[in-house]
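Grab a pencil and try a few short exercises on the structure below. Have a go at each task before you read its solution.

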Amino acid sequence: MLVSAKEMLTKAKAGHYAVGQFNINNLEWTKSILLTAQELNSPVILGVSEGAGKYMTGYKTVVGMVNGMLEELNITVPVALHLDHGSYEGCLKCIEAGFSSIMFDGSHYPIEENVAKTKELVAICNEKGMSLEAEVGSIGGEEDGVVGMGEVADPNECKAIADLGVTMLAAGIGNIHGKYPENWKGLSFETLDAIQQLTGDMPLVLHGGTGIPADMIKKAISLGVAKINVNTECQLAFADATRKYIEAGKDLEGKGFDPRKLLAPGAEAIKATVKEKMELFGSVGKA
């Protein structure tokens, strides 16, 4: 059964570890992430971008697939199904479809409009027992058409959004989606510390978890980050393993054309990536 992310993130912040959000794009990705979470006894958040939701034919299909897997795979660890970087309209659709958590990305709106729209969604989520993530200061890079310049969030604006009663807050601190460039300046821990000072016990979210050095990850967790998003690293691992399998010209049992065989190396690569991240984030054994 899907759960809100509230309890798992509250426990994570109090326990000084982070829960991983791993974005899903198809059945293989979802299965790999769930099996790894179960094996490691770790809570997990399945992220779905609007683009990925459309690719998988719609949010109701995603909900049906995930709920089916929870039952068929006997998954007992806490699992939240979460809309990633959702528009206001996308959030409403995911609420209707049966997601247990949503992110409203109002960072591109003026702060007054971000506050107004977030406030409306807080009321709906509270009524339905769902968790809600909000964002202040856009995350750099591009993910499924959502583009951010990597702005550093204003701590006072973060407090204004946090005070609305959101479950968790994503604040731009120099992090970006995709691969980090060689001239990346790193995370602004001064900003993160100032945000935590003003938002108290609220779990903070670090987007763009791919490529951030382990010491920075651990320092971010020590400053209140309780949820870390990983997508690009899984994409790269999946693509690389699948490519190597094809280039090797392997033909297992005479069925090299079988998609189940073809996608298996990529699925195993995702398992390895998720395991590595859960160990780094400290969520192993915390379900």
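**Exercise 1: two histidines**

His-85 has a relative accessible area of 8%, so it counts as buried. Keep in mind that you're working with a predicted model.

Task: Where is His-85 found, and what is the sign of its phi?

Solution.
- Step 1: Find the element. His-85 sits in strand β3, which covers residues 79–86.
- Step 2: Check the backbone. The phi of His-85 is near 50 degrees, a positive value in a residue that isn't glycine.
- Step 3: Put that in context. Most residues other than glycine have a negative phi.

Task: Is His-16 buried or exposed?

Solution.
- Step 1: Locate His-16 in the loop between α1 (6–15) and β1 (19–23).
- Step 2: Look at the relative accessibility of His-16, which is 59%.
- Step 3: Exposed means over 50%, so His-16 counts as exposed.
- Step 4: Take a look at phi too. His-16 has a positive phi of about 60 degrees, although it's not a glycine.

**Exercise 2: a serine in a loop**

Task: Which residues does Ser-100 touch, leaving out those up to four places away in sequence?

Solution.
- Step 1: Go to the loop between α5 (88–97) and β4 (101–104), where you'll find Ser-100.
- Step 2: Judge the burial. Ser-100 has 8% relative accessibility, so it's buried, as buried means under 20%.
- Step 3: List the neighbours: Leu-2, Val-3, Ser-4, Val-79, Ala-80, Leu-81, Met-130 and Ser-131.
- Step 4: Zoom in on Leu-81. Its backbone nitrogen is 3.0 Å from a polar atom of the Ser-100 side chain.

**Exercise 3: two helix pairs**

Task: How are α8 and α9 oriented to each other?

Solution.
- Step 1: Read the angle. The axes of α8 (residues 189–199) and α9 (residues 214–222) cross at roughly 20 degrees and come within 10 Å.
- Step 2: Angles under 35 degrees count as roughly parallel, so α8 and α9 are roughly parallel.
- Step 3: Find who makes the contact: Phe-189, Leu-192 and Gln-196 from α8, with Met-216, Lys-219, Ala-220 and Ser-222 from α9.
- Step 4: Sort these residues by class, and you get four nonpolar, two polar and one charged.

Task: How are α2 and α4 oriented to each other?

Solution.
- Step 1: α2 (residues 27–40) and α4 (residues 59–72) pack at about 40 degrees, with axes 11 Å apart.
- Step 2: That makes α2 and α4 oblique to each other.
- Step 3: Name the partners. Leu-27, Thr-30, Lys-31 and Leu-34 of α2 meet Met-65, Val-66, Met-69 and Leu-70 of α4.
- Step 4: By class, this contact has six nonpolar, one polar and one charged residues.

Technical notes:
Residues are numbered from 1 along each chain as its sequence is written. This is a predicted model: local features need pLDDT of at least 70, side-chain atom pairs count only at pLDDT 80 or more; totals for chains, interfaces and linings use all residues. Side-chain values use heavy atoms; hydrogens and water are left out. Helices (H or I, at least four residues) and strands (E, at least two) are DSSP runs, numbered from the N terminus. Buried means under 20% relative accessible area, exposed over 50%, partly exposed in between (1.4 Å probe, protein chains only). A polar contact is a pair of N or O atoms within 3.5 Å; within protein, one must be able to donate a hydrogen and the other to accept it, and residues adjacent in sequence count only if both atoms are side-chain atoms. Contact means heavy atoms within 4.5 Å. Axes are lines fitted to C-alpha atoms, for helices over the stretch in contact, and angles run from 0 to 180 degrees between N-to-C directions. Angles under 35 degrees count as roughly parallel, over 145 as roughly antiparallel, 65 to 115 as roughly perpendicular and the rest as oblique. Ala, Val, Leu, Ile, Met, Phe, Trp, Tyr, Cys and Pro count as nonpolar, Asp, Glu, Lys and Arg as charged, and the others, Gly among them, as polar.
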